[in-house]
Amino acid sequence: MRRNAERRAALVDGAIEVLARDGARGLTFRAVDAEAGVPAGTASNYFTNRDDLLTQAGLSVYERLRPDDASLDLSLTGAHDREHLTALMREVVGRVAAFRTGFLALLELRLEATRRPELRAVLTERVRQDLDFNISVHAEAQMPGDATAVTLLYMTLNWLIVDRLTLPELFSDEEIDELVEMAVDRVLPR
């Protein structure tokens, strides 16, 4: 396997774009090569097989969806109340929805994982890591609510993002903001 990090990253980014646009069935080495703008046959030099490419695309999406240091600092500073948590949840929905192709590719990968046990294992581990990370940051920031509240918000907001990206006319920006606020309000104990 060749190890040009920039080219590998371009191929993984190309795979994410192909997954979002054409679905898992459209993900071929040839399609990834074309999307990445590299010579035909390049992807096959970087990935052992299609499963390897799927796995690498999935891991990359999760890395890119991870909050940056500024977002993490925001969660640890300021008031530790419902209003602050609501603002953080709005930021999460906005940040994740802004990486539209990544989230759509992730949906394709999750569907593909129902047929590919190795991919399912990788995605399950990664989602668990992310959920545990969110729970630990929530606890460290001393936000209201417990691990169950974080899990319920994760589940609720993920589906809100799915609707936002797949049926963009379903809810207006104002309705999205209100739904995030209501989700936080209803999930957190009084």
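Among contacts between residues at least 6 apart in sequence, 70% join residues at least 24 apart. Keep in mind that this is a predicted model. The chain has 190 residues, and 39% of them count as buried. Its secondary structure comes to 10 helices and 0 strands, so if you read along the sequence you just get α-α-α-α-α-α-α-α-α-α. Taken along the principal axes, the C-alpha atoms fill a box of roughly 60 × 35 × 30 Å.

**Core**

Now for the inside. The largest nonpolar core has 50 residues, and Leu19, Leu27 and Met89 touch the most other members. Helix α9, residues 147-166, gives this core its largest share, with 7 residues. As a general matter, nonpolar side chains in soluble globular proteins tend to be buried together.

Leu19 deserves a closer look. Setting aside neighbours within four places in sequence, Leu19 is in contact with Ala24, Leu27, Leu54, Ala57, Ala105, Glu108 and Leu109. Leu27, then, is one of the partners of Leu19, and Leu27 also sits with Leu19 on the list of core members that touch the most others.

Two leucines make handy examples of residues that are far apart in sequence but can be placed by a C-alpha to C-alpha distance:

| Pair | Separation in sequence | C-alpha to C-alpha distance |
|---|---|---|
| Leu59 and Val12 | 47 residues | 9.6 Å |
| Leu107 and Leu19 | 88 residues | 9.1 Å |

Leu59 is found in helix α4, while Leu107 has its place in helix α7. Are they buried or exposed? Leu59 counts as partly exposed because its relative accessibility is 29%, and the cut-off for buried is under 20%. Leu107 is partly exposed too, at 25% relative accessibility.

**Pocket**

If you want somewhere to look for open space, the largest pocket holds about 850 Å³. Its lining counts 35 residues, and the closest to the pocket centre are Val92, Arg95, Val96, Asn134 and Tyr154. Which helix supplies the largest share of that lining? That would be α9, with 9 residues. Helices α4 (50-65), α5 (69-76), α6 (82-98), α7 (100-113), α8 (117-140) and α9 each supply at least two lining residues. So α9 turns up twice in this account, with the largest share of the core and the largest share of the pocket lining.**Helix α2 and its end**

Helix α2 covers residues 29-36, and its buried residues are Ala31, Val32 and Asp33. What do these buried residues pack against? Their partners are α1 (5-22), α3 (42-46) and α4. Just after α2 comes Gly37, with a positive phi of about 70 degrees.

**Another positive phi, and rings**

Gln142 also has a positive phi, about 55 degrees, although it is not a glycine. You'll find Gln142 in the loop between α8 and α9. Gln142 counts as exposed because its relative accessibility is 61%, and the cut-off for exposed is over 50%.

As for aromatics, the structure holds 0 aromatic pairs. There is a charge over a ring, though: Arg66 lies over the face of Phe133, at 3.9 Å from the ring centre.

How values were computed:
Residues are numbered from 1 along each chain as its sequence is written. This is a predicted model: local features need pLDDT of at least 70, side-chain atom pairs count only at pLDDT 80 or more; totals for chains, interfaces and linings use all residues. Side-chain values use heavy atoms; hydrogens and water are left out. A nonpolar core is a set of buried Ala, Val, Leu, Ile, Met, Phe, Trp, Tyr and Cys residues joined through side-chain atoms within 4.5 Å. Buried means under 20% relative accessible area, exposed over 50%, partly exposed in between (1.4 Å probe, protein chains only). Helices (H or I, at least four residues) and strands (E, at least two) are DSSP runs, numbered from the N terminus. Contact means heavy atoms within 4.5 Å. Rings of Phe, Tyr and Trp (its six-membered ring) pair if their centres lie within 6.5 Å; planes under 30 degrees apart count as stacked, over 60 as edge-to-face and the rest as tilted. A charge sits over a ring if NZ of Lys or CZ of Arg is within 6 Å of the ring centre and within 35 degrees of the ring normal. On a 1 Å grid over the protein atoms alone, a cavity is a set of points where a 1.4 Å probe fits but cannot get out, and a pocket is an open set with protein on both sides within 12 Å along at least five of seven lines; lining residues have an atom within 4 Å of a point. Grid points are joined across faces, edges and corners, and a volume is the space filled by probe spheres set on the points.
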